[in-house]
Amino acid sequence: MVSTAPKSTGKLADAESTVRLTVAQATIRFLANQYVERDGIRSKFFAGCFGIFGHGNVAGLGQALLQDELEAAESGREPGLKYVLGRNEQAMVHSAAAYARQKDRLQTWAVTASVGPGSTNMLTGAALATINRLPVLLLPADTFATRVSSPVLQELELPSSGDVTVNDAFKPLSRYFDRVWRPEQLPAALLGAMRVLTDPVETGAATVSIPQDVQAEAHDWPESLFAERTWHVARPLPERSVTARAAEIIASARKPLIIAGGGVHYSGAEEALAALASGTGIPVAESQAGKGSLRYDHPQSVGAIGSTGTTAANALASEADVVIGIGTRYSDFTSASRTAFNNPEVRFVNINVASLDAVKQGGVSLVADAREALQALSTALNGYRVSDEYRSRVTELAAEWEDTVTEAYKIYATSDDGAALNQNQVIGLVNTLSEPRDVVVCAAGSMPGDLHKMWRTRDRKGYHVEYGYSCMGYEIAGGIGVKMADPDRDVFVMVGDGSYLMMATELVTAVQEGVKVIPVLVQNHGFASIGGLSESLGSQRFGTAYRYRTADGRLDGDTLPVDLAANAASLGADVIKVTTAAEFTDAVKAAKVADRTTVIHVETDPLIYAPDSQSWWDVPVSEVSTLESTQSAYERYADWKKVQRPLVNPSDR
């Protein structure tokens, strides 16, 4: 081996030039110079920094962001990190996560909060980002590294440990965690966070906790730390032998079914999926995260799968002899709590960039980028076609479901005759009146399920429902993130009154930033989803309605006189209250031409349900009860449990 190391001259190399900055200032300058590249396209990774300041970060990261903004104004450049003031720390993380999802995980935001409650308010957002595999950088402030003033305001004291703070709660919720006790530790912490954030397998919340005194501490940093750095987002290639085995299994199938998950979108594999489906005739069902992988009217599209799926997709899943999962993590809603795939001879081929998800359900694990794997399979399956009989059955089932949706959407009274709307009709009106490139955003309640099975997606980025964590309060914050990421689209935020009341204050952020979203506020005076679930489990909708307490102590009196329209107006949004289809139509048209956030408020009946998926979700029922309603529910539960499959299917036959 020939050494290429330079010969020693006996002299020390010239020292690299340094710049004196605080830890916070160095953090902001570093983040402003991080880029990602995929397929030869290079872009800045951080769009900005959301923040709420308190004593833990106001003189650290707050001062650094201010200095960056003022220096940028003086030099005529854009700030390295645009700063946006949020109203709730959890909501800021939601906005960042939604932004990252809309950008296919190729760009995101940093989020900073103060010591104690400010930082721990971000925990829910951290869990959401990690569960959904979305890159978000969290910069929570921490208590003094020197402990010179301990115990300080909002500090957790444990008698058993002196180095534990509330920020340790981020560890199980983050894909990466580090605490910068000393300035010298900052470069390694930031580089470690970037490694995880830009890795399609490892990505999620990355948390770098910086004590408040360390944030303000000065240090001499090497100039090279702040040079532009480009992180390559890899596309792992499929192994040829595994591709061949996967193709062999698929080619032997008489009734194959594809399940498209969120990985299809993140890989940009929609065209590759459409080509494979069209070429082979294999029908495609979609998870919540994968919805929009095909247009709803594509010949091989059978819509949503699982507990909130279409009758078409679920019928095909029940019969399928080969299931091809692409970029899905097989959540219980996707697999209908392991009751969806009932063919005793069913086999699985799982394509996923993450081995964690590729091994689920057993079968062949093709660990690779979705687009690359689909292209390889298309080549390997050249000449394979499903039978004409199976193709006809797919077409027939899909058409039957579309007729069902049309009926659910149907508005019998389109004139202003005072006829109230139900939630199905509200969804139908938004779907019909929105443009193909507009985005619908939702997260919790009954609407995610109704949207999953009924929304007719016409664009790969037109559907944004957070259902990995199904976090109430995500909706408006998430809508802001989507609109910031894609300002040329109108963003319809579908939110029930239960979720709205949890985080309505982000309307103020939308107004402040001039970020126009169109929240459709569906008021049904309680929790429609949990109310329906409670009833199905024999719990009689207990504790799910917003009502006065009666003389006997129960919450079953008149509905509360809550004026959510007035609340939204008080936060700075324009508000239109509607009752009928005609009024709703006019409101959508007005909101679309407006240049400000406009809330459309409509009351609906929570007892009118969406079409049944003829599927199941495993939520345990009380095994013994004095209530007849619960006894009956348990009998139904026991019947479904008999259908539930084992944890792992036979590996490969």
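Here is a walk through some ring contacts and charged pairs in this structure. Keep in mind that the model is predicted.

Let's start with the aromatic rings, which make 10 aromatic pairs. One of them is Phe53 with Tyr83, a stacked pair with 5.1 Å from centre to centre and 15° between the planes. These two come from distant parts of the chain, 30 residues apart: Phe53 sits in the loop between β4 (46-51) and α2 (61-75), while Tyr83 belongs to strand β5 (residues 82-85). Phe53 has 31% relative accessibility, so it counts as partly exposed. Tyr83 is partly exposed too, at 22%.

Now swing over to Tyr99 and Trp109, where the rings meet edge-to-face, with centres 5.9 Å apart and 85° between the planes. Here helix α3 (residues 89-102) supplies Tyr99 and strand β6 (residues 108-113) supplies Trp109, 10 residues apart in the chain. Both Tyr99 and Trp109 are buried. Further along, ring pairs join Trp616, Tyr634, Tyr637 and Trp640 into a cluster.

Rings can have charged company as well. Arg42 lies over the face of Tyr35, 3.9 Å from the ring centre, and Lys291 lies over the face of Tyr463, at 5.5 Å from the ring centre.

On to the charged pairs. Side chains of opposite charge can pair when their charged atoms come close. In this model there are 32 salt bridges. Take Asp220 and Arg20, whose closest N and O atoms are 3.2 Å apart. Asp220 is in strand β10 (residues 218-222) and Arg20 is in strand β1 (residues 18-22), so this salt bridge ties together parts 200 residues apart in sequence. Asp220 is partly exposed at 38% relative accessibility, whereas Arg20 is exposed, with a relative accessible area of 55%.

What about Asp142 and Arg179: are they buried or exposed? Their side chains meet in a salt bridge, 2.8 Å from N to O. The pair links strand β7 (residues 136-142), home of Asp142, with strand β8 (residues 176-179), home of Arg179, 37 residues apart. Both Asp142 and Arg179 turn out to be buried.

Glu202 and Arg175 form another salt bridge, with 2.6 Å between the closest N and O atoms. Glu202 lies in the loop between α6 (186-197) and β9 (205-211) and Arg175 in the loop between β7 and β8, so parts 27 residues apart in sequence are tied together. Glu202 is partly exposed at 30% relative accessible area, and Arg175 is partly exposed at 38%. Last stop: Asp39, Arg235, Asp369, Arg371 and Glu372 are joined into one network by salt bridges that share partners.

Note on methods
Residues are numbered from 1 along each chain as its sequence is written. This is a predicted model: local features need pLDDT of at least 70, side-chain atom pairs count only at pLDDT 80 or more; totals for chains, interfaces and linings use all residues. Side-chain values use heavy atoms; hydrogens and water are left out. Rings of Phe, Tyr and Trp (its six-membered ring) pair if their centres lie within 6.5 Å; planes under 30 degrees apart count as stacked, over 60 as edge-to-face and the rest as tilted. Helices (H or I, at least four residues) and strands (E, at least two) are DSSP runs, numbered from the N terminus. Buried means under 20% relative accessible area, exposed over 50%, partly exposed in between (1.4 Å probe, protein chains only). A charge sits over a ring if NZ of Lys or CZ of Arg is within 6 Å of the ring centre and within 35 degrees of the ring normal. A salt bridge is a side-chain nitrogen of Lys or Arg within 4 Å of a carboxyl oxygen of Asp or Glu.
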